[in-house]
Amino acid sequence: MDYKAAFRTAVEQVRSEGRYRVFADLKRHRGAFPRATWTRDDGSSKDIIVWCSNDYLGQGQNPVVLDAMHAAIDANGSGSGGTRNISGTTHHHVELERELADLHGKDAALLFTSGYVANEATLSILYKVLPGLIVFSDELNHASMIAGIRNGGGARHIFRHNDLEHLESLLIDAPADAPKLIAFESVYSMDGDIADLAGTVALAKKYNAITYLDEVHAVGLYGQRGAGVAERDGVMNDIDIIEGTLGKAFGVMGGYIAGDIEMVDAIRSFASGFIFTTSLPPALTAGAAASVRWLKQHPEVRDIHQERAETLKQMFRDAGLPVMPSVSHIVPVMVGDPVHCKMVSDMLLEDHGIYVQPINYPTVPRGTERLRFTPTPFHTDEMMRDLVRAMEKLWAHCNIARLGGVAA
């Protein structure tokens, strides 16, 4: 077996399909977000504007967050020193879990090293805790949710995206006495659409199912205190398990679940992805707690964020650029071809100092390749006008279809 050749062939296959991922080497500048410096492969550099960060509110630059992290380093040192069970639970971890439980109006919360791990560990172990469990999963759920459901090894059904009629048809056919769980997201980050939370909750109650809601692209961004779409829509108390992240709107790192104390304690006791990994460093948990507290008290930042997203969508529409329908803060622009998508992304970066990562298969279906913009409260009108002018120029240069399906 020629192992190197096998690896090389696998990568060449990805390259030939135009979806080989290239990581941009960026230096973020404290206090200057979303400005950064991009370092090319030859060592030269260029000042750029970042348009695709998941630091949706710029909390990674908030002095309140940074001061909390510096203080935690000075007080505790660097790492946590172990797993949560073996010396790795600092008071900062305890405080953060309390803040998160309070944010979502739940009895308890449990920290993980990432949102991916939170989903994979929790969903997989639920099959063990609930023998005979049947999971009903939205077809566009994140890869981490899919991995957790698959790794659980139990029965599962996939319902069409945001299609509650299809979901109900599957629930009707399931054994009435079997434990059931509906797994779905609030904001779907590639299309920017939002699930019908109230409708899903109603079905869960009708068929005696519990609900598992991924709010990673909504926590911090929606609701009066930033608890997510469930808070905004008034159904947070009806959601059984809420999963979120600390690495997007809260600007730090980590993932978590929140729910009643019995559920959280069961996951804490059985989930390998929680038990057998070093816990987050105290500086991260302290910074995340400060960010959560601050965003609970500053709804005006969420208002500005939504306005910025709507402004950019309208600028794209006015320019005839194919911005996809989105009712959230996500601003996706359709390209529809992986090679063109990568080409436009490269030219925006090299020629215009605009960084937006191409989104290709398998993140999105083939033929729906896109550029995904995430404007923040710190993206100005001038930055947006520069972006639109660059996009118009490249759409014409690359002969990509505009609104209405006509190429430039």
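**Exercise 1. In this predicted model, find the residue that caps the N-terminal end of helix H6 and name its partner atom.**

Solution.
- Start at the N-terminal end of H6, where Asp163 is the cap.
- Check the atoms: a side-chain oxygen of Asp163 lies 3.2 Å from the backbone nitrogen of Glu165.
- Step back one loop. Asn162 lies in the loop between strand E6 and H6.
- Look at its backbone: phi of Asn162 is near 55°, a positive value in a residue other than glycine.
- Classify its exposure. Asn162 counts as partly exposed because its relative accessibility is 30%, between the cut-offs of 20% and 50%.

**Exercise 2. Sort residues of helix H6 into buried and exposed, and work out what covers the buried ones.**

Solution.
- H6 spans residues 164-173.
- List the buried residues: His166, Leu167, Leu170 and Leu171.
- Place them around the axis. They cover an arc of only 140°, so they sit on the same side of H6.
- Turn to the other side of H6, where Glu165, Ile172 and Asp173 are exposed.
- Now find the cover. It includes strands E5 (134-138), E6 (155-159) and E7 (180-185), along with helix H7 (197-206).

**Exercise 3. Describe the surroundings of Thr374: is the residue buried or exposed, and which residues does it contact?**

Solution.
- Locate Thr374 in the loop between strand E14 (370-373) and helix H14 (381-398).
- Read the accessibility. Thr374 has a relative accessible area of 1%, so it is buried; the cut-off is under 20%.
- Look for a polar partner of the side chain. A polar atom there lies 2.7 Å from the backbone oxygen of Ser53.
- Complete the contact list, leaving aside neighbours within four places in sequence: Trp51, Cys52, Ser53, Tyr56, Ile330 and His379.

**Exercise 4. Place Phe316 in the fold and list its contacts beyond four places in sequence.**

Solution.
- Phe316 belongs to helix H12, residues 299-318.
- With 0% relative accessibility, Phe316 counts as buried.
- Compare sequence and space for one pair. Phe316 and Arg385 are 69 residues apart along the chain, and their C-alpha atoms are separated by 9.6 Å.
- Collect the contacts of Phe316: Leu321, Val323, Val331, Val333, Phe373, Leu387, Val388 and Met391.

**Exercise 5. Locate the cis peptide bonds that precede Pro34 and Pro362.**

Solution.
- Take Pro34 first. A cis bond joins Phe33 to Pro34, with omega about 10°.
- Pro34 sits in the loop between strand E1 (25-28) and strand E2 (35-39).
- Go on to Pro362. The bond from Tyr361 to Pro362 is cis, and omega is near 10°.
- Pro362 sits in the loop between strand E13 (358-359) and E14.

**Exercise 6. What is the phi of Ser87, and where does the residue lie?**

Solution.
- Ser87 has a positive phi of about 70°, although it is not a glycine.
- Find its loop, between helix H2 (63-76) and helix H3 (91-104).
- Judge its exposure. Ser87 has a relative accessible area of 55%, so it is exposed; the cut-off is over 50%.

**Exercise 7. Which residues form the nonpolar surface patch that includes Met1?**

Solution.
- The members are Met1, Tyr3 and Phe7.
- Together they have about 460 Å² of accessible area.
- Met1 lies in the segment before helix H1 (3-16).
- Met1 is exposed because its relative accessible area is 75%.

Note on methods: Residues numbered from 1 in each chain as written. Predicted model: local features only at pLDDT ≥ 70, side-chain atom pairs only at ≥ 80, totals over all residues. Heavy atoms only, no water. Helix = DSSP H or I, 4+ residues; strand = E, 2+ residues; numbered from the N terminus. Buried < 20%, exposed > 50% of the residue type's maximum accessible area, 1.4 Å probe, protein only. Polar contact = N/O pair within 3.5 Å; in protein donor to acceptor, adjacent residues only side chain to side chain. Contact = heavy atoms within 4.5 Å. Arc of directions from axis to C-beta. Patch = residues over 30% accessible without salt bridge, like charges linked within 9 Å, V, L, I, M, F, W, Y side chains within 5 Å. Areas by Shrake-Rupley, 256 points an atom, 1.4 Å probe, with all protein chains shown as cover. Salt bridge = Lys/Arg side-chain N within 4 Å of Asp/Glu carboxyl O.
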